[in-house]
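Here are some short exercises to work through with the structure open beside you. Try each task yourself before you read its solution.

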Amino acid sequence: MSADLLTGDHHVHSTFSDDAHSTPAGNLAAAAALGLTELRMVEHVRATTTWLPGFVRAVRELDPPEGLRVSTGVETKILDERGTLGLPAGDLGVDAVLVADHQFPGPDGPWTPHRTARHLAEGGDPHRLLDRLLDALDRAVVHAAGRAAHVQVAHCFSILPKVGLSEADLDDAQLDRWASSLARSGAVLEVNEKWRCPAPRALRIADAAGIALVAATDSHIATDVGRYAWVRRTLTEVLA
Ligand SMILES: [Zn+2]
Ligand SMILES: [Zn+2]
C-alpha cells in the first residue's frame with residue numbers, strides 16, 4: 001500500500017506561486033522521469049488572486065506521458081475560527097482545494113505564530129486553542145467542499161511547532177474527533193515531506209478511520225518532486 005502512495009505527489013508548486021522556482025512543465029518532466037502516476041499541481045492563492053485561469057490553462061496545455069495523471073489544486077489558509085478560506089470568488093476551475101494551517105485561526109482572523117505563542121505564554125489554555133483549531137479545520141473543509149470536487153488537508157498540524165505546541169498536546173479524544181470528522185467529509189489527508197506531518201500517531205488514527213492518505217512533497221523546485229525520505233519511512237511504519 002505505501003509503495004503505491006509513493007508514486008503520487010499531490011502537492012507541487014510552480015512559479016505561479018511567488019515562492020517557487022520551477023515551471024509546471026519542469027515539474028511535469030521531473031515527475032515523468034521518476035515514473036510517478038499522479039501529480040497534483042498546486043498554487044498558493046488568496047481572495048485577491050487573479051491569475052488562476054492562466055494557471056489552469058497552463059496545466060491543461062501540458063502533455064503528460066501515458067500513465068501520469070495530472071490534476072490541479074489551490075492551497076489556501078484557514079483564516080479564522082469559522083473556517084473562512086482565502087479563495088477568489090467565482091469558479092476556481094481546479095480539481096482540489098487544499099486547506100492549510102499557515103496561521104492559527106483566531107476569532108477575529110488569522111493569528112501569527114508569535115501572537116499565538118504569546119497568548120499561551122500569558123496563560124491561554126492549549127487544550128481550548130487546539131479545540132479551536134480542530135473546529136476551524138472542520139468548518140474550512142466544509143467550505144472547501146463547496147468550491148471544488150476534492151478537498152485535501154495540507155500539512156495538517158504544521159502550525160503546532162511554530163506556536164510552541166506539538167501533536168503530543170492533542171489528546172486521544174481530540175484526535176478521534178479530528179479523524180471521524182475528516183472521514184465523514186471525504187477529504188484526503190496529506191503526508192507531507194516538507195513539514196514532516198502529521199506524526200505517525202495521528203496517521204494511524206486517520207488510517208483506521210478510513211481517511212485516504214496521499215503523499216505530498218510540497219515541493220517548490222522540480223528536483224524535489226516525488227522525492228520522499230520522511231514520508232517513505234513514516235508510511236512504512238504506519239501502514240505496516
Ligand atoms: Zn502550505
Ligand atoms: Zn504548499
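Let's start with a residue and then build up the picture; keep in mind that this is a predicted model.

**Exercise 1.** Decide whether His11 and His13 are buried or exposed.

*Solution.* Step 1: the cut-off for "buried" is a relative accessible area under 20%. Step 2: His11 has a relative accessible area of 0%, so His11 is buried. Step 3: His13 also has 0% relative accessibility and therefore counts as buried.

**Exercise 2.** Find the protein donors of the zinc ion (ligand 2) and describe their arrangement.

*Solution.* Step 1: look 2.0 to 2.3 Å from the zinc ion (ligand 2), where you meet NE2 of His11, NE2 of His13, OE of Glu75 and OD of Asp218. Step 2: along the sequence, these donor residues follow the spacing H-x1-H-x61-E-x142-D. Step 3: the angles between the four donor atoms run from 79 to 166 degrees, so the arrangement is irregular.

**Exercise 3.** Work out which residue coordinates both zinc ions.

*Solution.* Step 1: list the residues coordinating the zinc ion (ligand 1): Glu75 (OE), His102 (NE2) and His155 (NE2), at 2.0 to 2.2 Å. Step 2: Glu75 bridges the zinc ion (ligand 1) and the zinc ion (ligand 2), which are 3.6 Å apart. Step 3: place Glu75 in strand β3 (residues 69–77) and His155 in the loop between β7 (150–154) and α6 (159–162); the pair links distant parts of the chain, 80 residues apart. Step 4: check accessibility: Glu75 is buried at 1%, and His155 is buried at 1%.

Technical notes: Residues numbered from 1 in each chain as written. Chains lettered and ligands numbered in written order. Predicted model: local features only at pLDDT ≥ 70, side-chain atom pairs only at ≥ 80, totals over all residues. Heavy atoms only, no water. Donors = N, O, S within 2.8 Å, 3.2 Å for Na, K, Ca; no water. Helix = DSSP H or I, 4+ residues; strand = E, 2+ residues; numbered from the N terminus. Buried < 20%, exposed > 50% of the residue type's maximum accessible area, 1.4 Å probe, protein only. Tetrahedral: all angles 85-135°; square planar, octahedral: opposite > 155°, others 65-115°.
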